[in-house]
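Visitor: I am new to this structure and would like a close look at a single part of it, followed by a walk through its surroundings. Please take your time with the answer.

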Amino acid sequence: MNFERIKEKLNILADAAKYDVSCASSGSNRKNTNKGLGNSTGMGICHSYTEDGRCVSLLKILLTNHCIYDCAYCVTRKSNDVKRAAFKIQEVVDLTINFYRRNYIEGLFLSSGIFKSPDHTMERLVQVAKKLRLEENFNGYIHLKSIPGCSDELMYEAGLYADRLSVNIEVPTISGLKLLAPEKKHEDFTKPMLKVKNELIRYNNERKIIKSTPKYAPAGQSTQMIVGATGETDKDIMYSATYYYKQFHMKRVYYSGYVPVIQDERLPSVTSQVPMLRENRLYQTDWLLRFYGFSITEILDKNHPNLDPDVDPKLSWALRNLHLFPVDINTAEKHMLLRIPGLGVKSAHKIIQARKYRKLNWEHLKKLGVALNRAQYFIRCTAKDQVRKDLPAERIKGLILQNSTGKFRSNFSTQLSLFN
Amino acid sequence: MNSFATTLVYDGSFNGFLTTVFIAFEEKLHVADIQKEYQAQSGLFSNTETVFTDNSKAERVWNGLKKKNYNTLTSIYFAFLSENEGIEFILYCFIKTMMAQQNFKGIDYGDASALHISQLAKKVGREKHRMEAFVRFQLTKDQIYFANIEPDFNVLPLISKHFKNRYADQEWLIYDTKRKYGIYYDLHKVEMVDLELNEIHFNRTRKSEVFEENEYQYQNLWTNYFNSTNIKSRINKKLHQQHVPKRYWKYLSEKKDAV
Ligand code: SF4
């Protein structure tokens, strides 16, 4: 191996791949077979964290950053003047194995610029995965990017070796897509998704009859949307996320605050800030949908097309629905406990467990780790006590903000955006 | 019943602790404290009795607890590995209450010592995950993947299964520099090994003769990768340090330049 040459390629092709935020390596169930190398069962592991605080769990690279397309939001676009490089298939295999053996990573996340044609590119990606599985007996995690516009046959083969497949929709609205990626059609994205969804359903059904049915993309599929590149609302983003969750059985939708990399009149200027607070609020909303039993129409609608930057979406919802509170901690059902601001899934579970033994009071809640600075306005422990005393929503919000330090408050004062 | 309180002294192993619990129950002792051999101090008003580890007795206690509630058993084991001062006695009292209950309903989070145990167990669990993540193997000339770690708690027994399942086709050794023992996998089974290493292989040490020629090339590639995958405009050092506390940096090759 020529380490100097590899290092150069790695720098270019890791740099170009980093804007894909997904680094999940969980949700698969590939066991180590025949004393091979690796396993990917259950929870993924973050082996390190970048200085921007993101999990490093996979070797995330492009096979090449040569590309025949010119999508406006992408560093790899044809018209961008950057250094280009390409890995050989065997080089990616060797890197993956050697990193994995040293416990640096959970596996590989391989994407690529499109060279020659979508099929030609996809075929190479599949070859890497196939080699890892069949020649190296590798059972670690493999995430392959599906190249928009590639054939169903290749998508089928990809699923035989990969744990997860993803196509990034990137632009949440069709009009935005026309503007920023005019060479791509919406169907180019949805066709591979549909194929994966159908295969997943087929394999699951077969497994019910024949237990030894081989695996097909056991960690499912995911997608990513760029936030803040085309002037879309939070409602646009979350409604299309919901659509992808339902329509294509997505395991995850990722939201990636647009990082301005190139000057282009269709895009925010290169000096604009990455909308990290907004991205954070979108993730919070996503969690409410997936784990807290909320439906999207409760959080965003015509009258509230954007999330409140000041407070998290659950608190914001609660403030609009004060008639449902206070909730009695000692008697409320789980789904209602989950709707209390400041109270997470774990605390809800602990409360249910602890109240089997005794009636809980404020002291207990504090010890259990409930964020009382937020929760106190929405709960009571006995029929008698009620802290909230029918304060109006605005007042509660003010009190909570006064007594909390949001993680973005200092660097991303919302005051700023008022003057733009 | 013995009218004097007894301080039980055991060898410091988990099986030793379970044997102690067995003996305390069987002899209906009034337990004053449970101490590790090498830390034992005799109390003024108590007898001292040394317990000899007996795996079959330990197993009986283990099985008895398992029948009550599996999750609680895990919490007990994890909390024990925290090596917190006085943890044995707290666990002993907890086990006593637990065994006395007809229908055990799971950990009572409203009870102070139960909550304490579950919190300790959680900390140990977090350290287990950290070590599963932060172990960095370096390949030696005799083809053993070697890592040294310095965990806050005694988690080697907890991570052994994970590494055995994952690295089934390579020999490896993970060494705890603080507790001076390691776990070694020889392609068949994992064994505990006592050894005194004369050199700790921090990431900052000069190139050692012990390792393969290419080892440092791969460390170099990894560090490079780590740096290129960072997005500068999103920098958030506070979050970074929260995830990777500084005390672990010296063992992480990607943090070489930062140490
Ligand atoms: S096809 Fe992919 S790699 Fe090429 S410019 Fe568009 S987004 Fe970038």
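Visitor: Is K116(A) buried or exposed?

Guide: In this predicted model, K116(A) is exposed, because its relative accessible area is 63%, and the cut-off for that word is over 50%. The residue belongs to the loop of chain A that runs between β6 (107-111) and α3 (118-134). Its backbone deserves attention as well, since phi of K116(A) is near 60 degrees, which is a positive value in a residue other than glycine. As background, most residues other than glycine have a negative phi, and most peptide bonds are trans.

A residue of chain B can be set beside this one. Phi of L187(B) is near 80 degrees, again a positive value in a residue that is not glycine, and L187(B) is located in the loop between β7 (181-185) and β8 (190-194) of chain B. With a relative accessible area of 33%, L187(B) is partly exposed. The backbone of chain A has a further feature to look for, as the peptide bond that leads from F325(A) to P326(A) is cis, with omega near 0 degrees. P326(A) is part of the loop between α10 (313-320) and β11 (327-328) of chain A.

For a wider view of chain A, the domain assignment gives domain 1 (3-274) and domain 2 (313-419), and the C-alpha centres of these two domains of chain A lie 38 Å apart.

The ligand has residues of chain A around it, among them G113(A) and I114(A), together with C67(A), Y69(A), C71(A), C74(A) and K184(A). Sorted by character, the residues of this shell comprise 5 nonpolar, 2 polar and 2 charged. The space that the ligand takes is the largest cavity.

Another loop of chain A, between β5 (58-62) and α2 (89-101), holds D81(A). D81(A) is exposed, with a relative accessible area of 76%. Measuring from C-alpha to C-alpha, D81(A) and T121(A) are 21 Å apart in space, while 40 residues separate them in sequence.

The aromatic residues offer a last group to follow, and a search of the whole structure finds 35 aromatic pairs over all chains. One of them joins Y243(A) and F248(A) in an edge-to-face arrangement, at 6.2 Å centre to centre and with 85 degrees between the planes. F248(A) is buried, with a relative accessible area of 4%, whereas Y243(A), at 39% relative accessibility, counts as partly exposed. F248(A) also pairs with Y244(A), and this pair is stacked, with the centres 5.8 Å apart and 20 degrees between the planes. Y244(A) and F248(A) are separated by about one helical turn, because they are 4 residues apart in helix α7 (residues 234-248) of chain A. Y244(A) counts as buried, at 3% relative accessibility.

Finally, one aromatic cluster draws on both chains, with Y100(A) and F138(A) from chain A joined by F137(B), Y145(B), F163(B), Y167(B), W172(B) and Y185(B) from chain B.

Note on methods: Residues numbered from 1 in each chain as written. Chains lettered and ligands numbered in written order. Predicted model: local features only at pLDDT ≥ 70, side-chain atom pairs only at ≥ 80, totals over all residues. Heavy atoms only, no water. Domains from an automatic or database assignment. Near = heavy atom within 4 Å. 1 Å grid on protein atoms, 1.4 Å probe; cavity = no way out; pocket = protein on both sides within 12 Å on 5 of 7 lines; lining within 4 Å. Sits in = over half its atoms within 2 Å of the grid points. Nonpolar A, V, L, I, M, F, W, Y, C, P; charged D, E, K, R; others polar. Helix = DSSP H or I, 4+ residues; strand = E, 2+ residues; numbered from the N terminus. Buried < 20%, exposed > 50% of the residue type's maximum accessible area, 1.4 Å probe, protein only. Phe/Tyr/Trp six-rings, centres within 6.5 Å; stacked < 30°, edge-to-face > 60°.
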